[in-house]
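Dear colleague,

I am handing over the structure below. My notes on what was found in it follow; please read them with the structure open.

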Amino acid sequence: MNNDVYNSTQENERKITNNHINESILNDEIKEFQKQNRTNHMEYLPGMEVLFESTIMDEVITAMKDYNYESYSERDVRMALSKDNLTPFDFGALLSPAAEPFLEDMAQRARSETRKHFGNSINMFTPIYISNYCENFCIYCGFNCHNKIKRAILTYEEVEKEMAAIAKSGLKEILILTGESRHKSDIKYIGEASKIAKKYFTVIGVEVYPMNSDEYKYLHECGADYVTVFQETYNSDKYETLHLAGHKRSFPYRLCAQERAIIGGMRGVGFAALLGLDDFRKDAFATGMHAYLLQRKYPHAEIAFSCPRLRPIINNDKINPMDVSESKLLQVVMAYRIFMPFASITISTRENERVRNNMIKICATKISADSKTGIGEHSDVEDVGDGQFEIDDKRTVKDVYDDIIKLGLQPVMADYIYV
């Protein structure tokens, strides 16, 4: 394991309160807005599909509330690492403070599992942001509707221009992203973008606002293969204070998005909590349980994890992941790998080159390259829109490709072929 990561336990460590309030995302205006009356975040809004017979959300939330990471011992960690197949209890042990002295043991196990199931392959892709209009007020996000940024939405011609420019790099997988505005970037718009992407790419992912199952079915018919949804935090009380307006305010609708995507025919679904918003151990545990329970219910679905930490945004360069140091991030990612060895794990450009290189040597299987979070930044689009957050690894596709090879690994542009 890279000593720079292992020895960074103290990096970004800060004193936190018992309810994990991250002061870096707050200001006086937001604090005033939080005091105002808002809609019930546990209710569905009109038009939102309800999966009445699904128990996944209740199971996830119950498991998270029952998870007491302080109750684990070194013996629990050793027992977890000795097993071929881990239980949720074992997963909790690997996320606990008791596992911190065992990071090297976890790294060896995680590396073994990764090579066993994925070989030396590291999948490459890039995100393309096609719109940054948003109707939500998420206080930590650069796209939030109250943040004064330059807004833009690509025309279909500009989408094609961007995708053609990306395809010249040799990439065969792309992730389409928008701000969460059904008005500006409606289902048809995202569907048409997926159709354009199909001309240039073999694998197409979408990371957009949550949808109903019939809408996911439509996007799949347009060419989309998988859906990623960040729950941000699984603590519904904290979620309520972070998402002050918009459709995203509905906690249950967002949490059930992956299940609706699977019902709609998507081949794969991705899960993530934005680490630093709340208690990262509980959020990581809930993320793992969410994926675990859905895979048991839908064994045909491909499961993926993303592991993002909070980053600065336009108009707030002080935002930080609070108590989630590099070593704690590594612990989370390794726990995901050991608990769910078949899952794909993406390491974001929110992290720097050193951290990302170390992660793909141990447990991550997917990495983005030449990432840009602004609108129209891959080509010479005239009306470029501002980005969602600051990235920390600005390597080109060739740079990342070459570095993967230098690490003794094999870069893969696409791992799926339609016949």
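**Notes, beginning at helix α5**

F89 lies in helix α5. Please keep in mind that the model is predicted.

Is F89 buried, partly exposed or exposed? Its relative accessibility is 45%, and so F89 counts as partly exposed, since that class runs between 20% and 50%. Setting aside neighbours within four places in sequence, F89 makes contact with Y72 and D76. As for V77, it is 12 residues from F89 in sequence, and the two C-alpha atoms are 10.0 Å apart.

**Helix α4**

D76 and V77 also belong to helix α4, which covers residues 74–82; the buried residues of this helix are D76, V77, A80 and L81. Why do they fall on the same side of α4? They do so because the arc they cover around the axis is only 130 degrees. The face turned away from this buried side carries R75 and R78, which are exposed.

Which helices do the buried residues of α4 pack against? There are three entries to look up: α5 (88–95), α6 (103–118) and α14 (326–339). D76 thus appears twice in these notes, as a buried residue of α4 and as a contact of F89.

**Helix α6**

One residue of α6 was looked at separately, namely E113. With a relative accessible area of 5%, E113 is buried, because the cut-off for that class is under 20%. Neighbours within four places in sequence aside, the contacts of E113 are with R337 and P341.

**The chain as a whole**

The protein chain contains 16 helices and 9 strands. For its 419 residues, a compact globule would be expected to have a radius of gyration near 22 Å; the value for the chain is 20 Å, so the two agree. The C-alpha trace spans about 60 × 55 × 45 Å along its principal axes.

Of the 419 residues, 61% count as buried. How much area does the protein chain expose? The figure is about 17,100 Å², of which carbon and sulfur atoms supply 49%.

Taking contacts between residues at least 6 apart in sequence, 78% join residues at least 24 apart. On charges, the chain has 51 positive and 62 negative ones, and their mean positions lie 2 Å apart.

Regards

Terms used. Residues numbered from 1 in each chain as written. Predicted model: local features only at pLDDT ≥ 70, side-chain atom pairs only at ≥ 80, totals over all residues. Heavy atoms only, no water. Helix = DSSP H or I, 4+ residues; strand = E, 2+ residues; numbered from the N terminus. Rg over C-alpha atoms; globule rule 2.2 N^0.38 Å. Buried < 20%, exposed > 50% of the residue type's maximum accessible area, 1.4 Å probe, protein only. Contact = heavy atoms within 4.5 Å. Areas by Shrake-Rupley, 256 points an atom, 1.4 Å probe, with all protein chains shown as cover. Lys, Arg positive; Asp, Glu negative; His and termini not counted. Charge placed at Lys NZ, Arg CZ, Asp CG, Glu CD. Arc of directions from axis to C-beta.
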